[in-house]
Amino acid sequence: VEFAFARQLGAAEQLVDAFGLWRGQATTAALDEYGWHVVSELPDDQAEQVWSPCIIAPAQVRAIGVWRFHVVATGGQRLQLMVQCLDLDGECLSSQSFECNQNQQLTLPFGTRGLRLGWCMTSSGSARVKQLLFGWFAKV
C-alpha cells in the first residue's frame, strides 16, 4: 500500500489533490472558485460510487483511533462521503458512508493503516464541497 498526500486535508483544493483522478461514469467533478463542483447525470433513484485511487494515512486527517470530521457542502445533490479503512496489505477492514453537513465520527478498526475516500451520489443534480473540517463543527 502506497500512502499519498503528505499534507493535511481541509480546503476544497487540498481535498481534490488528495482524492486524485475522478473516475465517475455518470458524474463529473471540477474545482472552481466556489469549491469542488460535483455534477451527476444519473437517472432518478440510481446511485454511483466514485472511489479515490489514492490512499492516505489516518494521521494525515488527524484520525488516531477515532476520526471526528465534518464535510461542508452546498447544493441540492445528495452527496455522501465514503471511507474505507484498509490494513497494511490494502485489504478493506470496514467501509462506511457519511452525510455531509453533519458532525461525524468513525472508529477505526484495529489494524487500520490507510484510508480511501469516496463519494456517493444519488439521482441527478449538483453540489459543491467546500471543506473537510477535522473535529466537529459547532454553530455559535
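Colleague: Why does Ser-123 count as buried?

Modeller: Its relative accessibility is 15%, and a residue is called buried under 20% relative accessible area, exposed over 50% and partly exposed in between, with a 1.4 Å probe and protein chains only; therefore Ser-123 counts as buried. This is a predicted model, in which local features need pLDDT of at least 70 and side-chain atom pairs count only at pLDDT 80 or more, whereas totals for chains, interfaces and linings use all residues. Residues are numbered from 1 along each chain as its sequence is written, and side-chain values use heavy atoms, with hydrogens and water left out.

Colleague: What makes the phi of Ser-123 notable?

Modeller: Ser-123 has a positive phi of about 65° although it is not a glycine. Most residues other than glycine have a negative phi. Ser-123 lies in the loop between β8 (114-122) and β9. Arg-62 likewise has a positive phi, near 60°, without being a glycine, and its place is the loop between β3 (47-51) and β4.

Colleague: How do you know that β2 and β9 pair?

Modeller: Strands are DSSP runs of E with at least two residues, and helices are runs of H or I with at least four, numbered from the N terminus. Two strands pair if DSSP finds at least two bridges between them. Six bridges join β2 (residues 35-41) to β9 (residues 124-134), so these antiparallel strands meet the rule. Within this pairing, Val-38 has Ala-127 of β9 as its bridge partner. Strand β4 (residues 66-75) also pairs with β9 in the antiparallel sense, over seven bridges, and there Val-71 stands opposite Leu-132.

Colleague: In what order do the strands form the open sheet?

Modeller: The five strands follow the order β1-β2-β9-β4-β7, with antiparallel pairing. Strands β1 (27-32) and β7 (104-107) are at the edges because each has a single partner strand, which leaves one side of each without a neighbour in the sheet. From one strand to the next, the twist averages 30°. Helix α1 (residues 12-19) packs on the sheet and touches β1, β2 and β9, where contact means heavy atoms within 4.5 Å. The direction of α1 makes about 60° with that of β2; axes are lines fitted to C-alpha atoms, for helices over the stretch in contact, and angles run from 0 to 180 degrees between N-to-C directions.

Colleague: Why is Cys-120 too far from Cys-100 for a bond?

Modeller: A disulfide is a pair of cysteine sulfur atoms within 2.5 Å. The sulfur of Cys-120 is 11 Å from the closest cysteine sulfur, in Cys-100, so the pair fails the rule. By this rule there are zero disulfides. Cys-100 is buried at 12% relative accessibility, and Cys-120 is buried at 9%.

Colleague: Which residues of the largest nonpolar core touch the most other members?

Modeller: They are Trp-36, Trp-67 and Trp-119, in a core of 31 residues. The name applies to a set of buried Ala, Val, Leu, Ile, Met, Phe, Trp, Tyr and Cys residues joined through side-chain atoms within 4.5 Å.

Colleague: What makes Gln-104 count as buried?

Modeller: Its relative accessibility is 12%, so Gln-104 falls within the buried class. Gln-104 is in strand β7, and its side chain reaches the backbone oxygen of Glu-99 at 3.0 Å.

Note on methods:
A polar contact is a pair of N or O atoms within 3.5 Å; within protein, one must be able to donate a hydrogen and the other to accept it, and residues adjacent in sequence count only if both atoms are side-chain atoms.
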